[in-house]
Each structure stands twice: as C-alpha cells, then as structure tokens.
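Before reading on, please take a moment to look over the sequence and the fold together. The paragraphs below go from the whole chain to its core and then to single residues.

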Amino acid sequence: MATSDDSPAGYELRDPDVRLMLEVRNDSAAAFEELMLRYQNRLVTVLDHLVGGRDQAEDLAQEVFLRVYRSRKRYVPGAKFSTWLFTIANNVAANARRSRSRRREVSLSVNDGSSSGGNRLDQLAQAASGLMPARQLDKAEMREVVHLAIEALNERQRMALLLSKFENMSYADIAETMDMSQEAIKSLLSRARLNLKEVLEPYLERGDRPAAD
C-alpha cells in the first residue's frame with residue numbers, strides 16, 4: 001500500500017527501529033546495540049531454518065549486523081526496519097547456500113508430517129522456533145520434525161513462510177523483502193502450506209517418525 005506515508009519521514013515517524021537506525025547512522029553505538037538486542041535471536045531463528053545449522057546461523061547473523069553497520073552512512077528509510085534487515089538476511093543466506101553448494105556440502109532432508117489444518121500448522125511452526133510451551137508430544141522431536149519439513153521447502157517458500165510465521169510480516173512486507181508482488185507471495189505461501197501439510201501429515205496421522213537423513 002503505497003501512500004504518502006511511505007516517505008522516509010513517514011517511516012521514521014511510525015517505526016521506532018527506523019529511528020534507532022537513524023541514530024546508528026549518526027554513529028550511536030548504544031542504538032546499534034539496542035537493535036542487535038531486539039533482532040539477534042529473531043535473525044538466528046530465521047537463518048537457522050534457511051541454512052540448516054545453528055552455528056552457521058549465528059555466524060550469518062553477525063554478518064548481517066556487520067553489513068548494517070557498514071552501510072549505516074548510506075541508510076535512508078524506505079521500508080520498515082525489519083523488512084530492510086530481513087532483506088539483507090535473505091541475501092546473506094542465499095550467498096551462504098550458494099557457497100555451500102559449490103563445495104558440494106548441500107544436504108536436503110525431507111521428513112515427517114504434520115497436521116491438516118491451518119491452526120495446527122501455525123502451532124507446529126511455532127514449535128520449531130521454540131516459542132511454544134511443552135505439549136504432549138515430545139518437544140525436541142517435534143521441533144526436529146518441523147525443522148526438517150521446512151527444510152524440504154524450496155528456498156522462496158521457506159523464506160516466505162519464516163517471515164510470515166516467525167516475524168508476522170504482512171504480505172506487503174514479505175513482498176518487499178523478497179522483491180516479489182503481493183499476489184506472488186500469497187500464492188507462494190499457499191503452496192508452502194500445502195507442501196508442509198503433505199510432508200508432515202504422515203507423522204501426525206500414523207506417528208511414523210520421519211527417517212533421519
């Protein structure tokens with residue numbers, strides 16, 4: 001939704017994180033530290049799903065913040081801060097995957113299944129992020145299962161799903177982050193949910209533990 005509010009001044013007014021980033025542009029170390037505190041764990045969670053490894057995700061999160069810091073003098077608000085930050089994270093993750101692919105270290109794992117409904121899917125996605133309290137199912141196993149199911153999605157579907165479920169981004173913000181139209185994002189998320197359901201359903205219906213790969 002492009003309105004006159006989509007001006008740099010509009011973003012500065014509406015988004016406290018944009019205001020912090022503007023302070024970073026003026027070399028405020030405290031503002032940069034505050035942004036890191038706000039986004040570090042969220043970045044690592046999303047990157048973990050994008051690259052499939054916690055250690056690498058933590059390294060890449062540091063790279064994202066490094067890029068933010070290095071580009072601070074050129075920063076002009078053109079989106080919500082989170083949208084801008086996750087655009088950088090998406091690029092960093094894509095570079096990491098390409099490097100890994102070149103080294104032939106790619107590993108694709110497809111696993112078990114899950115629910116048949118939207119709410120159930122949301123709960124499973126939350127379980128993967130460790131945000132949900134323990135339930136009757138073993139939390140560690142469920143997290144692993146969902147993690148593997150998300151890894152089975154293609155890169156675009158995975159990124160769109162993570163931004164939707166973990167960052168609660170709107171279609172518009174996801175579209176901006178991924179440089180796609182809102183209609184394309186809706187379609188992408190719809191296909192992602194169908195694919196997740198297909199992968200997770202056998203696990204929930206029959207209790208078959210997905211084969212680790």
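What follows is a walk through this model, beginning with the chain as a whole.

The coordinates come from a predicted model, and every value discussed here should be read in that light. The secondary structure of the protein chain amounts to ten helices and zero strands, so that, read along the sequence, the pattern is α-α-α-α-α-α-α-α-α-α. Of its 213 residues, 46% count as buried, and the chain exposes about 11300 Å², of which carbon and sulfur atoms supply 47%. When contacts between residues at least 6 apart in sequence are considered, 65% of them join residues at least 24 apart.

Which residues have the most contacts inside the largest nonpolar core? That core has 56 residues, and the two in question are Leu-43 and Leu-47. At least two residues of the core are supplied by each of α2, α3 (29-51), α4 (54-70), α5 (81-102), α7 (139-151), α8 (155-165), α9 (171-178) and α10 (182-206), while the largest share, ten residues, comes from α3. In soluble globular proteins, nonpolar side chains tend to be buried together. Once residues up to four places away in sequence are set aside, Leu-47 touches Gly-52, Ala-57, Leu-60, Ala-61, Val-64, Ala-89 and Ala-93.

A charged-type name in the helix before this one deserves a separate look. Asp-17 is found in helix α2, which covers residues 16-25. Is Asp-17 buried or exposed? With a relative accessible area of 10%, Asp-17 falls under the 20% limit and therefore counts as buried. Its side chain makes a polar contact, at 2.5 Å, with the side chain of Tyr-39, and, apart from neighbours within four places in sequence, Asp-17 is in contact with Leu-35, Arg-38, Tyr-39 and Phe-81.

Phe-81, one of those partners, lies in helix α5 and is itself buried, with a relative accessible area of 1%. Beyond residues up to four places away in sequence, Phe-81 touches Asp-15, Asp-17, Val-18, Met-21, Leu-35, Tyr-39 and Tyr-75. Phe-81 and Pro-16 are 65 residues apart in sequence, yet their C-alpha atoms are 8.7 Å apart in space.

Further along the chain, Asn-154 sits in the loop between α7 and α8, where a relative accessible area of 40% makes this residue partly exposed, because the value lies between the 20% and 50% limits. The side chain of Asn-154 reaches the backbone nitrogen of Arg-156 at 3.2 Å, and the C-alpha atom of Asn-154 is separated by 8.5 Å from that of Ala-192, which is 38 residues away along the chain.

Two later loops each hold a residue other than glycine with a positive phi. Asn-168, in the loop between α8 and α9, has a phi near 50° and counts as exposed at 65% relative accessibility. Asp-179, in the loop between α9 and α10, takes its positive phi of about 55° just after α9, and Asp-179 is likewise exposed, with a relative accessible area of 71%. Within α9 itself, Asp-173, Ile-174, Ala-175, Thr-177 and Met-178 are buried, and what covers these buried residues includes α5, α8 and α10.

The walk ends with α10. How does the span of α10 agree with what its 25 residues should give? At 1.5 Å a residue, a span of 36 Å is expected, and because the end C-alpha atoms are 36 Å apart, the two values agree. There is nevertheless a kink of about 40° at Leu-200 in α10, shortly before the proline Pro-202. The buried residues of α10 are Ile-185, Leu-188, Leu-189, Ala-192, Leu-196, Val-199, Leu-200 and Tyr-203. An α-helix has 3.6 residues a turn, so residues three or four places apart point the same way. Just after α10, Gly-207 takes a positive phi of about 75°.

How values were computed
Residues are numbered from 1 along each chain as its sequence is written. This is a predicted model: local features need pLDDT of at least 70, side-chain atom pairs count only at pLDDT 80 or more; totals for chains, interfaces and linings use all residues. Side-chain values use heavy atoms; hydrogens and water are left out. Helices (H or I, at least four residues) and strands (E, at least two) are DSSP runs, numbered from the N terminus. Buried means under 20% relative accessible area, exposed over 50%, partly exposed in between (1.4 Å probe, protein chains only). A polar contact is a pair of N or O atoms within 3.5 Å; within protein, one must be able to donate a hydrogen and the other to accept it, and residues adjacent in sequence count only if both atoms are side-chain atoms. Contact means heavy atoms within 4.5 Å. A nonpolar core is a set of buried Ala, Val, Leu, Ile, Met, Phe, Trp, Tyr and Cys residues joined through side-chain atoms within 4.5 Å. Accessible areas come from the Shrake-Rupley method with a 1.4 Å probe; for residues, only the protein chains shown count as cover. The expected span of a helix is 1.5 Å times one less than its number of residues. The bend at a residue is the angle between axes fitted to the seven residues ending there and the seven starting there.
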